[in-house]
Amino acid sequence: MVKQQRPTKVLAIDAASVPPDTGVSGKPEPFRSLYAMREKRRLGKIFGLKTFGVNVTRLPPGGISALLHRHSHQDEFVYVLEGTATLVTDRGEARLSPGMCAGFAAGGLAHQLVNRTGTDVLFLEVGDRTSGDNADFPADDLVAVQGEDGSWTFTHKDGSPY
């Protein structure tokens with residue numbers, strides 16, 4: 001009897017060694033280019049995580065984490081590592097400095113992080129990957145619907161395509 005070997009998997013890495021996805025967004029223009037300054041290192045993918053994502057994101061001065069948004073089914077959490085971010089929500093704003101964190105339950109506050117300082121902001125973001133999610137963008141003419149395969153479709157709020 002031959003003993004089967006499990007495939008070798010990454011056990012630990014230096015997060016800075018993960019190549020960044022810069023400006024990655026499936027959103028249509030004029031929204032896609034707003035993400036161009038963001039540098040996201042998708043750490044969860046390196047380990048093959050399926051039920052939640054973990055990213056380290058760097059925002060240079062003037063950068064945004066995302067459009068102001070809320071998810072219908074997916075929770076999100078952010079933890080600031082370096083710099084000072086402005087948390088913008090549909091209830092107001094708060095400054096987040098290193099060691100501060102914020103969480104967003106599905107269907108709750110619309111939110112985004114903005115860098116209004118002269119230095120980079122580095123933060124950890126964690127979110128689940130619950131299927132059947134929709135995203136609402138209250139400040140923009142944009143709706144996102146997640147397909148069964150995990151891909152996103154973007155339309156105007158009236159349902160017309162981009």
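**Figure 1. Lys45 and the positively charged surface patch of the predicted model.** In this predicted model, Lys45 counts as exposed because its relative accessibility is 59%, a value that lies above the cut-off of over 50% for that class. Lys45 has its place in helix H1, which covers residues 43–46. On the surface, Lys45 gathers with Lys9, Lys50 and Arg129 in a patch of positive charge.

**Figure 2. Ile46 and the nonpolar surface patch.** Helix H1 also holds Ile46, and this isoleucine is classed as partly exposed because its relative accessible area is 37%. Together with Val10, Ile13 and Phe47, the side chain of Ile46 contributes to a nonpolar patch on the surface, with an area of about 290 Å².

**Figure 3. Overview of the chain from which the close-ups are taken.** The chain contains 1 helix and 13 strands, and when these elements are read along the sequence they follow the pattern β-β-α-β-β-β-β-β-β-β-β-β-β-β. Taken along the principal axes, the C-alpha atoms fill a box of roughly 60 × 40 × 25 Å. Of the 162 residues in the chain, 36% are buried, and the count of salt bridges comes to 8.

**Figure 4. The open sheet E4-E11-E12-E13.** Four strands form an open sheet in the order E4-E11-E12-E13, and their pairing is antiparallel. Strand E4 (70–71) and strand E13 (152–155) stand at the edges, where each has a single partner strand, so one side of each is left without a neighbour in the sheet. The contact between E4 and strand E11, the latter formed by residues 134–136, is antiparallel and runs over 2 bridges; within it, Arg70 has Asp136 of E11 as its bridge partner. As a general point, strands of a sheet pair through backbone hydrogen bonds, in either a parallel or an antiparallel sense.

**Figure 5. Strand E6 between its two antiparallel partners.** Strand E6, made of residues 85–89, is mostly covered, with 5 of its 5 residues buried. Ala85, Leu87 and Thr89 point one way from the strand, whereas Thr86 and Val88 point the other way, and all of them are buried. E6 is joined to strand E7 (residues 92–96) by 5 bridges, the two strands running antiparallel, and the connection between E6 and E7 is a hairpin of 2 residues. E6 also pairs with strand E9 (residues 111–114), again in the antiparallel sense, over 4 bridges. Thr89 takes part in both contacts, standing opposite Gly92 in E7 and having His111 as its bridge partner in E9.

**Figure 6. The salt bridge between Lys40 and Glu125.** Lys40 and Glu125 form a salt bridge in which the closest N and O atoms are 2.3 Å apart. This pair links distant parts of the chain, since Lys40 belongs to strand E2 (residues 39–42) and Glu125 to strand E10 (residues 121–128), with their positions 85 residues apart in the numbering. Lys40 counts as buried because its relative accessibility is 7%, and Glu125 is likewise classed as buried because its value is 12%, the cut-off for this class being under 20%.

**Figure 7. The salt-bridge network of Arg58, Glu82 and Asp120.** Arg58, Glu82 and Asp120 are linked in a network of salt bridges. One of the links in it is formed by the side chains of Asp120 and Arg58, which meet at 3.6 Å, N to O. The pair connects distant parts of the chain, with Asp120 in the loop between E9 and E10 and Arg58 in strand E3 (residues 52–59), 62 residues apart. Asp120 counts as partly exposed because its relative accessibility is 32%, and Arg58 is partly exposed with a relative accessible area of 26%.

**Figure 8. Arg70 and its salt bridge with Asp90.** Arg70, whose bridge partner in E11 is Asp136, also forms a salt bridge with Asp90, the closest N and O atoms being 2.2 Å apart. The pair links distant parts of the chain, with Arg70 in strand E4 and Asp90 in the loop between E6 and E7, 20 residues apart. Arg70 is classed as buried because its relative accessible area is 18%, whereas Asp90 is partly exposed, with a relative accessible area of 39%. In general, side chains of opposite charge can pair when their charged atoms come close.

Conventions. Residues are numbered from 1 along each chain as its sequence is written. This is a predicted model: local features need pLDDT of at least 70, side-chain atom pairs count only at pLDDT 80 or more; totals for chains, interfaces and linings use all residues. Side-chain values use heavy atoms; hydrogens and water are left out. Patches are made of residues with over 30% relative accessible area and no salt bridge: like charges are joined within 9 Å, nonpolar side chains (Val, Leu, Ile, Met, Phe, Trp, Tyr) within 5 Å. Accessible areas come from the Shrake-Rupley method with a 1.4 Å probe; for residues, only the protein chains shown count as cover. A salt bridge is a side-chain nitrogen of Lys or Arg within 4 Å of a carboxyl oxygen of Asp or Glu. Lys and Arg count as positive and Asp and Glu as negative; His and the chain ends are not counted. The place of a charge is taken as NZ of Lys, CZ of Arg, CG of Asp or CD of Glu. Buried means under 20% relative accessible area, exposed over 50%, partly exposed in between (1.4 Å probe, protein chains only). Two strands pair if DSSP finds at least two bridges between them.
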